[in-house]
Amino acid sequence: MNKTIRLCGIATLVVLALGHICWAGTTGKIAGVITDSATNQPIIGATISVVGTSWGTLSDEQGRFTLLNLPVGAYALKAAIIGYGQIEVKNVAVSVDLTTAQSFSLSSRAVEMGPVTVTVERPMVLHDQTSSLRIISVDQIKNLPTRGYQEIVGLQSGVVRFSDNVGVRARGARENSTTGSLNLRGGRPSEVAYYVDGFSQQDPLTGLSTTQINNNSIEEVEVITGGFNAEYGLIMSGAVNVTTKEGTSAYHGTLESVTDKFHGDTYDYNVYSGVLSGPVIPGSDKLTFYGAGEHRWAGDRDPHATANGILPNNTSGLWNWQGKLNWRPAGNIAARIGTNGSVERWREYRHDYIYDAAHMPRYEDKNYSVFGEFTHTLNPKTFYSLKGNWFDTERKRGDGVYFDNVWGYGRPSGNPKFDAEQLFWAWDDMNLDPDSLAVPREDGGPKYYPLHTAVSETTLTVDLPDGSTVNRTFVAKGDEGSVWDDYLRHQSSYIGGKVDLVSQATPHHELKLGADFQRHTLRRYEDLFPTYIYQGYSGGGFKDINYYGFNQLGEPTSESGLNGAKHPVNFAAYLQDKFESEGLVLNAGVRLDYFDYRTERLIDPKNPLDPFNYQGLVHDSINLPPNVKDSLLVEAGRLTAADLTKSKAVARLSPRLGVAFPVADGSVFHFSYGKFLQRPDLQNLYVNYGYLEYKIKTGGYFYPFGNPNLEPEETTAYEAGWRRQVSNVTAVDVTTFYKDIKNLTQVMTQPTLPNSFSSYRNRDFGTVKGIEFQLDMRRSRGISAQFNYTLSYADGTGSFANTDQNIAWTLREPPKNTSVLEFDQRHKVTGIFDVRAGAKEGPKLGSWFPLERSGANFVLSAGSGFPYSPVRVYNEVTLGNISPVPDGPINSRTAPWTMRVDLKADREIPISDFTLDVYLWVINVLDRVNVSDVYESSGLPDLTGWLDTKPGQDAVSSHPEPHDTSVLNATQKYEVRQSDPRNFDTPRQIRFGVRWSF
């Protein structure tokens, strides 16, 4: 421990002395050489400037120049010197952390000809790309039939969008989201880092990101799936870096609206977006602003092909915003402040609640981020920046009716459970004779069953944890269905500070030295049985709550102590050298990560209540006074501060190496190696100690507790790739990768006295290997295309941190051998085809170009099905707890392949100084019915096979006639239950959009 402290202290002093801290990059650079076109000799002192800005530099004695710290975007460069003609090069693209090569050849003979303007295109082979990197530009984003950066990322090679039906297989006990999860190269969802403008947007408790970004605000999306430079930390599988737009010296604005409410098959999808940017002082780029806002509403946020329309209570309402203020008082000084955030309120359709739809779960996700940055360029080759930010994310999940009103959950008469067949959660009039409710129709049709039984309420006096009392009214009985009996709220925030120093120390070496610091504030509250709250504190109404940072009513508290808010800190320092010489690029670096969870841990997990063996001391001693014995036995029977000790801080070093070098003209080979690590999801570290004591004493139902002894999770990754430009417009890329993963978190049973409990350990391990192929075709004659294919093998002992929850619950032996992971998609194919005509282009009829300024973008997505574990036929949809009997190895079979085609066709219409872009967006053009999940007993999405068995026939024969307000007999109800629409992907959706911009 002392060595660790000394190591961290030395690293801190070195970093502070050099003044540099960094997280994800947000800028790139342009470098090149100025030569005389006639003699090919370097030109000294030529001016290279970025047109329309104050950025510029001079060429040195070798004619070299470097423009550092350029924000992502496309620029026009001008090269000039007395005696030579000027050259302006347009569309020079800059991407995060990359070097754009752009040289100039000036002619003394061209002085009288005036300036020469040239437009260039992004190189098809990036010479300094030392690992797998996908860059999606603003023009590509505009044309794609997608919305949100998550969908864009999902199209890239090595990325799997995994969204299983938790109603069919709930292994893993994962939290749901509106976007599904992104798994990069076989890693868990929380192994992906998400950055917006260089700042983390990740919830440290869950490892997930729910931040949403306006499409019109995105300048570039960068997806890193291979080795990461040492400046990237707390990730093991990949990084998604979103760069948003900034204001310029000219005013720009956009208004956009999208809807599907113009034809019959509507899912009530609507988007309203607005953007405005420009100078605060007209005509000046010294102080600019950018602001954007968006509202999305979906009556069915996730349509399914067999649902026959909109799913009930599957809505989503979203607001998101982005804002920046950029200040450039001088050429060597720049500052910016900004904010982004989103608030989404959504519902989750659960098929087991189909007759009790009002109580389907409801969610609220909030994300707020504020950041500031100051940059000072010391000289043309060195700059530093000071950065700081605050990020806050919060989630609430609860009953669809009562949501965060915890008092509303109380049920003195009990929460209605299941129907008689244990197929659906109880609904209105569950126990009433349907014939007593039947009402004949005027037209003589079948009788219908209105819901008219009044709800009966009662007022009770409830004693609170602080000793006070309060009168509350609860539903006692009557016409109301089963309440979603689990209320969750968690809130995470952090404050971070950074200092960056980047120096082009020599023409061949770009040095970066950095460190970062974050202090978190974490709060979590989960009431597993809020329906008991009417019993009050003394009656046990508050005993089944795991909380910290909140009080027992789910309200934030500033109190400290064992169950106060958690404040973990992490510090990192790194050194990175980018060497570039004659085509060879070497990225070498090392990173130090330091984590301090800052909480208490059990001294002896095997004997948590009596780590000093007081019971044994009392038993063995005959000389202890009775009062001392009684005192020791009391201490041995409860969890106190004396039974806990401080959690350990951990520090790890991670070396990184990336190499790229030319093997032929227009061909680059790259190799990368690195050690990568991250914290476990912090929700798996922390626990309410009172609740832990209660469960150790009483035992009972399964619930895993956090473990502050968890070590960082680790991955060692290797990658080798080759990219070649095979023609002026075509390039191919082939990359192989291998990952060795260990110390992943998994739930296990901790044997202890008097009762065992479940907690997390660094137990899981695995390997991932594969090959990726990509073909890129630059636009030629109006056509561009991209094709990628990924072959991947992802194996491990557990797919998620809670994969073994049933094993832990039943005290069975956990797996010791690897098997295919649940998100292993063996084959994935994506094809993007874009055809587009500019002004006065395309087919011609007389003097008319009917397709000018028009285009269409087609996206083909295909992939093999996800694996599942075959089991013997059983009642797979019954809500009661049933342990299936395996019928083969874990995840040894796969669901069917899926395939769909999406389309976006648009036409731009210039109107004076404005542009009107009208488009048609079609999802699943062919209306193909894709299977997204299957029952493990049959391998089918809508049939378990249980009705054909003897137990199945015996069970349904007990209810041959309807006996409740579903008006279905047992066989019919079972058929409804197994026909879960969430086992199928989206149907065809047709949307119409209009974008007006200037």
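Buried here means under 20% relative accessible area. With that cut-off in hand, welcome to a set of close-ups of a predicted model.

**View 1. Phe 162 and Phe 823 form an edge-to-face pair.**
Phe 823 has 3% relative accessibility and therefore counts as buried. Phe 162, at 6%, is buried by the cut-off as well. A pair of aromatic rings is described by the distance of the centres and the angle of the planes. For this pair, the model has 6.2 Å between the ring centres and 75° between the planes, so the arrangement is edge-to-face. Phe 162 belongs to strand β11 (residues 159-162), while Phe 823 sits in the loop between β40 (819-820) and β41 (827-837), so the contact ties together parts 661 residues apart in sequence.

**View 2. Phe 391 and Tyr 494 make a tilted pair.**
Here the centres lie 5.8 Å apart and the planes meet at 50°, so the pair is classed as tilted. It links strand β23 (residues 382-398), home of Phe 391, with strand β26 (residues 487-506), home of Tyr 494, across 103 residues of sequence. Both Phe 391 and Tyr 494 are buried.

**View 3. Five aromatic residues gather in one cluster.**
The members are Tyr 402, Tyr 409, Tyr 487, Tyr 525 and Phe 550.

**View 4. Two charged ends sit over aromatic rings.**
Take a look at Lys 566 first: its charged end is over the ring of Tyr 548, 5.7 Å from the ring centre. In the other case, the charged end of Arg 991 is placed over the ring of Trp 921, with 4.7 Å to the centre.

**View 5. Helix α10 (residues 970-978) has buried residues on one side.**
Ala 970, Lys 973, Tyr 974, Arg 977 and Gln 978 are the buried residues in question. Their arc around the axis is only 130°, which means that they share the same side of α10. These buried residues pack against α9 (950-956). At the N-terminal end of α10, Asn 969 acts as the cap, with a side-chain oxygen 3.2 Å from the backbone nitrogen of Thr 971.

**View 6. Strand β30 (residues 584-596) pairs with β29 (residues 569-581) and with β33 (residues 650-664).**
Strands β29 and β30 run antiparallel and are joined by 13 bridges. One bridge to follow by eye connects Tyr 574 with Arg 591 in β30. The hairpin of β29 and β30 has 2 residues between the strands, and Glu 582 takes a positive phi near 50° there. Pairing of β30 with β33 is also antiparallel, over 11 bridges. Among them is the one between Ala 588 and Leu 657 in β33.

How values were computed: Residues are numbered from 1 along each chain as its sequence is written. This is a predicted model: local features need pLDDT of at least 70, side-chain atom pairs count only at pLDDT 80 or more; totals for chains, interfaces and linings use all residues. Side-chain values use heavy atoms; hydrogens and water are left out. Rings of Phe, Tyr and Trp (its six-membered ring) pair if their centres lie within 6.5 Å; planes under 30 degrees apart count as stacked, over 60 as edge-to-face and the rest as tilted. Helices (H or I, at least four residues) and strands (E, at least two) are DSSP runs, numbered from the N terminus. Buried means under 20% relative accessible area, exposed over 50%, partly exposed in between (1.4 Å probe, protein chains only). A charge sits over a ring if NZ of Lys or CZ of Arg is within 6 Å of the ring centre and within 35 degrees of the ring normal. The arc is that of the directions from the helix axis to the C-beta atoms. Contact means heavy atoms within 4.5 Å. A polar contact is a pair of N or O atoms within 3.5 Å; within protein, one must be able to donate a hydrogen and the other to accept it, and residues adjacent in sequence count only if both atoms are side-chain atoms. Two strands pair if DSSP finds at least two bridges between them.
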